[in-house]
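Work through these exercises with the sequence and the model side by side. Try each task before reading its solution.

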Amino acid sequence: MARLNMVERFFRDITTERLRRGVFTSVRELVTAIDKYVAHHNKEPKPFIWTKSARDILQGVIRANSRLSSKQNATRHLTRAGTRPVDDQAPPRKQEKPQAVSLKGRW
């Protein structure tokens, strides 16, 4: 999961720092801009360092899997109308009145 986050972060950075700021009239210009960004980014690489042990990571995966499984099982027990059986329903929520918001002084 952490490596995937690092990849997503890299693509976010290249998008915000280089691609959205540029104007590219051809695919070749776009590819050149990406290559230059990657070359600049790799001048001072920062290695990814695992902060958790493999055991901790696997335990987290097991916990997440069990939570997802229990949620999936709960949705399987819905009635045809899309509601839970009466004994499983949560008490109805109290309706709150919307509050007026003043924008005075914020502009």
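**Exercise 1. The aromatic cluster**

Which residues form one aromatic cluster? Keep in mind that this is a predicted model.

Solution.
- Step 1. Count the pairs. Ring centres must lie within 6.5 Å. By this rule there are two aromatic pairs.
- Step 2. Take the pair of Phe-10 and Phe-11. Their centres are 5.8 Å apart, and the planes meet at 75 degrees. An angle over 60 degrees counts as edge-to-face, and this pair is edge-to-face.
- Step 3. Take the pair of Phe-10 and Tyr-37. The centres are 6.0 Å apart and the planes stand at 55 degrees, so this pair is tilted.
- Step 4. Place the second pair in the chain. Phe-10 belongs to helix H1 (residues 2–19) and Tyr-37 to helix H2, 27 residues apart. The pair therefore links distant parts of the chain.
- Step 5. Join the pairs. Phe-10 takes part in the pair with Phe-11 and in the pair with Tyr-37. The cluster is Phe-10, Phe-11 and Tyr-37.

**Exercise 2. Cover over the cluster**

Sort Phe-10, Phe-11 and Tyr-37 by class: buried, partly exposed or exposed?

Solution.
- Step 1. Set the limits. Buried is under 20% relative accessible area, exposed is over 50%, and partly exposed lies in between.
- Step 2. Tyr-37 has 11% relative accessibility, so Tyr-37 is buried.
- Step 3. Phe-10 has 23%, so Phe-10 is partly exposed.
- Step 4. Phe-11 has 51%, so Phe-11 is exposed.

**Exercise 3. The salt bridge**

How many salt bridges does the structure hold, and which residues form a salt bridge?

Solution.
- Step 1. The count is one salt bridge.
- Step 2. The partners are Arg-12 and Asp-13, with their closest N and O atoms 2.9 Å apart. The cut-off is 4 Å.
- Step 3. Check the cover. Arg-12 is partly exposed at 48% relative accessibility. Asp-13 is buried, at 18%.
- Step 4. Look around Asp-13, which lies in helix H1. Beyond neighbours within four places in sequence, Asp-13 is in contact with Arg-18 and Tyr-37. Tyr-37 is also a member of the aromatic cluster.

**Exercise 4. The nonpolar patch**

Which residues form a nonpolar patch on the surface? Where is Trp-50 found?

Solution.
- Step 1. List the members: Met-6, Phe-48, Trp-50, Ile-57 and Val-61.
- Step 2. Give their area. Together they have about 440 Å² of accessible area.
- Step 3. Locate Trp-50. This residue sits in the loop between helix H2 (27–41) and helix H3 (54–76).
- Step 4. Classify Trp-50. Its relative accessible area is 42%, so Trp-50 is partly exposed.

**Exercise 5. His-41 and confidence**

How far apart are the C-alpha atoms of His-41 and Ile-14? Which helix has the highest confidence?

Solution.
- Step 1. Place His-41: it is in helix H2. His-41 is partly exposed, at 38% relative accessible area.
- Step 2. His-41 and Ile-14 are 27 residues apart along the chain, and their C-alpha atoms are separated by 9.4 Å.
- Step 3. Read the confidence. Mean pLDDT is highest in H2, at 92, and lowest in H3, at 79.
- Step 4. Finish with the chain. Its mean pLDDT is 75, and 62% of its residues reach 70 or more.

How values were computed:
Residues are numbered from 1 along each chain as its sequence is written. This is a predicted model: local features need pLDDT of at least 70, side-chain atom pairs count only at pLDDT 80 or more; totals for chains, interfaces and linings use all residues. Side-chain values use heavy atoms; hydrogens and water are left out. Patches are made of residues with over 30% relative accessible area and no salt bridge: like charges are joined within 9 Å, nonpolar side chains (Val, Leu, Ile, Met, Phe, Trp, Tyr) within 5 Å. Accessible areas come from the Shrake-Rupley method with a 1.4 Å probe; for residues, only the protein chains shown count as cover. A salt bridge is a side-chain nitrogen of Lys or Arg within 4 Å of a carboxyl oxygen of Asp or Glu. Helices (H or I, at least four residues) and strands (E, at least two) are DSSP runs, numbered from the N terminus. Buried means under 20% relative accessible area, exposed over 50%, partly exposed in between (1.4 Å probe, protein chains only). Rings of Phe, Tyr and Trp (its six-membered ring) pair if their centres lie within 6.5 Å; planes under 30 degrees apart count as stacked, over 60 as edge-to-face and the rest as tilted. Contact means heavy atoms within 4.5 Å. pLDDT is the predictor's confidence in each residue, from 0 to 100.
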